[in-house]
Amino acid sequence: MYLGVDYYPEQWPKSRWPEDVRLMKELGVNVVRMAEYGWHLIEPEEGSYDFSVLDEIIDRLTENGMKIVLGTPTAAPPSWMVQNYPDILPTDRDGHSISFGGRRHYTVNSATFQRFTEKVVRKLAEKYGNHPNIIGWQIDNEFGHEKSDRSYGNEDHTAFLFWLQNRYESLDAVNEAWGTAFWGQTYTDWKQIPLPLNVYQQHNPGLLLDFDRFCADGYTDYSKLQADLLRGNTSGHQFITHNFVFNEQAINQRDIAENLDFVSYGNYPVWGSSTEPATPAAIALQHDICRSTKDEKGFWVMEEITGAQGWNHTGYLPRPGQIRLWTYQAIARGAEAILYFQWRSSRFGTEQFSQGILGHDGKPKRKFEEVKETIAALNTFGDDWIASEYIPEVGMYYEVENAWAWSIQPQSKAFDYKQELHRFYYGAYHLNSTTCIISPESSLDGLKVVIVPIYFLTDSAFTEKLKKFAADGGTVILSYRSGVKEPNNALTELTLPGELAELAGINVDEFEALQPGQQTRVRGTTGNIKDVLSPATVWCDVIKCVSADVIGVYRDAYYEGEPAITRNRYGKGVVYYIGTAVEEYFLMRLYKDIFKEAGVKMLELPDDVEMVLRTDAGGRKYLCLLNHSTTASHRLTLPKGDWKDVMTGDIFNGMVRLPSLGSYVLLQ
Ligand code: GLA
């Protein structure tokens with residue numbers, strides 16, 4: 001298994017390099033990623049290439065037995081390029097050019113920037129494409145991050161019009177798809193179509209969603225440009241990946257992943273002034289999303305947090321044990337390699353407060369020891385743990401275009417896409433069921449339950465898939481605001497929940513968005529939720545049952561007694577509809593009934609404890625136990641049989657005690 005660090009040798013005097021490499025060896029590192037911000041090093045002036053700095057550090061790492069992942073350096077176009085070719089710069093929504101001085105200051109639609117990219121990537125590939133010790137490439141760094149996904153300049157406009165012509169072929173088709181009769185926006189010439197720059201009100205939602213698709217496609221093409229150059233100029237033993245960010249930015253990670261060997265991402269449960277890390281469920285959800293990006297293929301954590309992070313604010317310091325715990329959690333959920341961010345805290349620049357394994361003083365201390373122990377522990381498994389399989393039974397729908405549609409029209413100030421995903425994921429996570437993320441293209445084979453929350457932008461092929469899944473005996477959980485929109489971001493003409501009405505056995509004729517601070521209540525009427533009350537926020541659907549039964553009702557002056565949660569038999573399966581944002585604890589109780597009936601394996605453990613089981617081809621089981629609490633230890637019962645701690649040789653059976661932040665991998 002590859003375990004390594006993200007290293008920025010260019011930030012330190014060469015006289016320090018031998019000590020860095022000596023300490024990396026002591027740490028047990030077998031891979032180093034570097035150079036993703038190194039364009040200025042290899043092309044200090046236009047057209048004059050100098051690989052001496054990179055060569056020197058590559059040689060040193062090679063001599064010391066470490067493999068290397070090289071970044072293509074396009075996330076940091078050098079100062080000479082911006083000075084001489086300001087047309088590479090992106091433009092913000094106000095029409096202002098983004099300045100040099102940060103990173104990611106380019107637009108993928110700049111012909112000049114594409115030309116420079118081609119040259120530098122080709123040069124790098126020709127130079128290092130046969131190097132036996134360089135095992136792979138990371139293209140660029142975090143496409144679209146920090147608002148670099150959308151650019152509104154002249155070249156972007158031309159490219160957008162070209163993209164629209166390709167997609168729609170005729171202006172009539174654009175006018176129809178966007179419904180430009182509204183507010184008299186009919187276009188009679190392609191050039192009249194604007195970029196979504198500032199207007200007094202809001203742009204047409206159809207245009208906005210297409211603009212996001214266009215921006216995402218631009219990055220997909222740009223990534224492919226680099227991937228093709230690397231493939232064409234390297235010897236074949238090197239992989240190609242990209243470290244993604246997963247949020248509502250206009251980036252289509254699944255499309256980009258088609259041209260990558262595997263995907264990577266950075267695991268940062270803490271950022272800036274956070275007072276607490278992200279919840280364990282939120283971290284697990286990110287891992288699941290990452291794993292789903294290339295259809296359940298293993299991924300790399302190219303940057304794994306080791307300390308407090310931030311620019312001008314810095315917050316929560318991961319507690320002793322937390323680096324190891326988050327490392328184990330990532331591997332249990334599909335990571336096949338971990339590289340710790342970063343080797344040493346920078347002394348200069350924007351990220352002075354993003355801590356490394358070593359602090360600014362460069363001395364190995366507590367974090368160094370924790371990473372060292374973690375690497376040693378992981379080495380006891382060789383590649384066996386990562387080769388074992390995680391078999392999901394519960395799929396949750398997540399799709400970037402839907403996320404974009406929600407960002408365009410959140411409908412309630414209380415709505416946050418990630419928070420709503422978390423709401424519907426939490427119960428499945430806490431019941432320790434095996435989860436995965438599904439997109440419209442995913443196969444549903446092998447899944448027992450499919451959770452499809454806030455499925456706003458409807459895809460008919462996926463709806464058909466859901467119908468078949470339910471008809472064949474699967475269980476589907478739908479939520480409020482599903483089936484509302486067509487792919488062009490227009491409202492459906494059907495009675496809500498649109499294409500899903502028959503599946504859910506209900507009609508939704510009226511609805512209301514609840515704003516922050518506003519809430520109503522829901523009372524369960526059956527099973528585990530019988531007489532359980534939950535606050536209900538964000539949204540209220542007024543549901544009329546057609547063939548569905550009511551299993552939860554509103555408690556509210558206006559909605560009193562009206563259906564809030566329903567259940568419908570569909571073929572051999574069952575379909576639930578949850579018409580309002582009930583609390584996570586309430587959903588967990590409901591899921592317990594649903595999962596039980598669907599035959600999903602669950603394990604009820606103390607709240608802070610996560611247990612992830614993987615099995616290898618020979619039937620060997622790897623049980624990862626994680627206590628996320630920073631203060632409480634927990635007692636819990638292991639699944640049946642003897643479980644061995646490979647590190648110590650200890651055998652456990654039955655009840656075990658997990659100290660706070662304890663993390664173990666036991667074998668059976
Ligand atoms: C991202 C980037 C890194 C760094 C870290 C945070 O993941 O890829 O270069 O900025 O965040 O410190």
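**Helix packing, sheet order and domain layout**

In the predicted model, helices H3 and H5 lie oblique to each other. This description rests on the geometry of their axes, since those of helix H3 (residues 52-63) and helix H5 (residues 111-128) cross at roughly 40°, and an angle counts as oblique when it falls outside the ranges under 35 degrees, 65 to 115 degrees and over 145 degrees. The two axes come within 13 Å, and the crossing of H3 and H5 is right-handed. On the side of H3, the contact is made by Leu-54, Asp-55 and Ile-58, and on the side of H5 by Leu-124, Lys-127 and Tyr-128. Sorted by class, the residues in this contact of H3 with H5 comprise four nonpolar and two charged residues, with no polar residue among them.

The model also contains an open sheet of nine strands, which follow one another in the order S5-S4-S3-S2-S1-S9-S8-S7-S6 and are paired in parallel. Its edges are occupied by strand S5 (239-241) and strand S6 (243-244), each of which has a single partner strand, so that one side of each is left without a neighbour in the sheet. Within this sheet, strand S8 (residues 299-305) runs parallel to strand S9 (residues 335-341), and the two are joined by five bridges; Val-301 has Ile-338 of S9 as its bridge partner. Helix H5, already described in its contact with H3, packs on the sheet as well, where H5 touches strand S3 (67-71) and strand S4 (134-138). The direction of H5 makes about 170° with that of S4, an angle that lies in the range over 145 degrees and thus counts as roughly antiparallel.

A further open sheet is built from five strands with antiparallel pairing, in the order S21-S22-S27-S24-S25. Here strand S21 (609-615) and strand S25 (651-652) stand at the edges, and because each has a single partner strand, one side of each remains without a neighbour in the sheet. The partner of the edge strand S25 is strand S24 (residues 643-645), with which S25 pairs in the antiparallel sense over two bridges. In this pairing, Lys-644 stands opposite Ile-651 of S25.

At the level of the whole protein chain, the domain assignment gives domain 1 (394-598) and domain 2 (609-667). The centres of domain 1 and domain 2, taken over C-alpha atoms, are separated by 34 Å.

Note on methods
Residues numbered from 1 in each chain as written. Predicted model: local features only at pLDDT ≥ 70, side-chain atom pairs only at ≥ 80, totals over all residues. Heavy atoms only, no water. Axes fitted to C-alpha atoms, helices over the stretch in contact; angles between N-to-C directions. Helix = DSSP H or I, 4+ residues; strand = E, 2+ residues; numbered from the N terminus. Left-handed = near helix turned anticlockwise from the far one by under 90°. Contact = heavy atoms within 4.5 Å. Nonpolar A, V, L, I, M, F, W, Y, C, P; charged D, E, K, R; others polar. Domains from an automatic or database assignment. Pairing = 2+ DSSP bridges.
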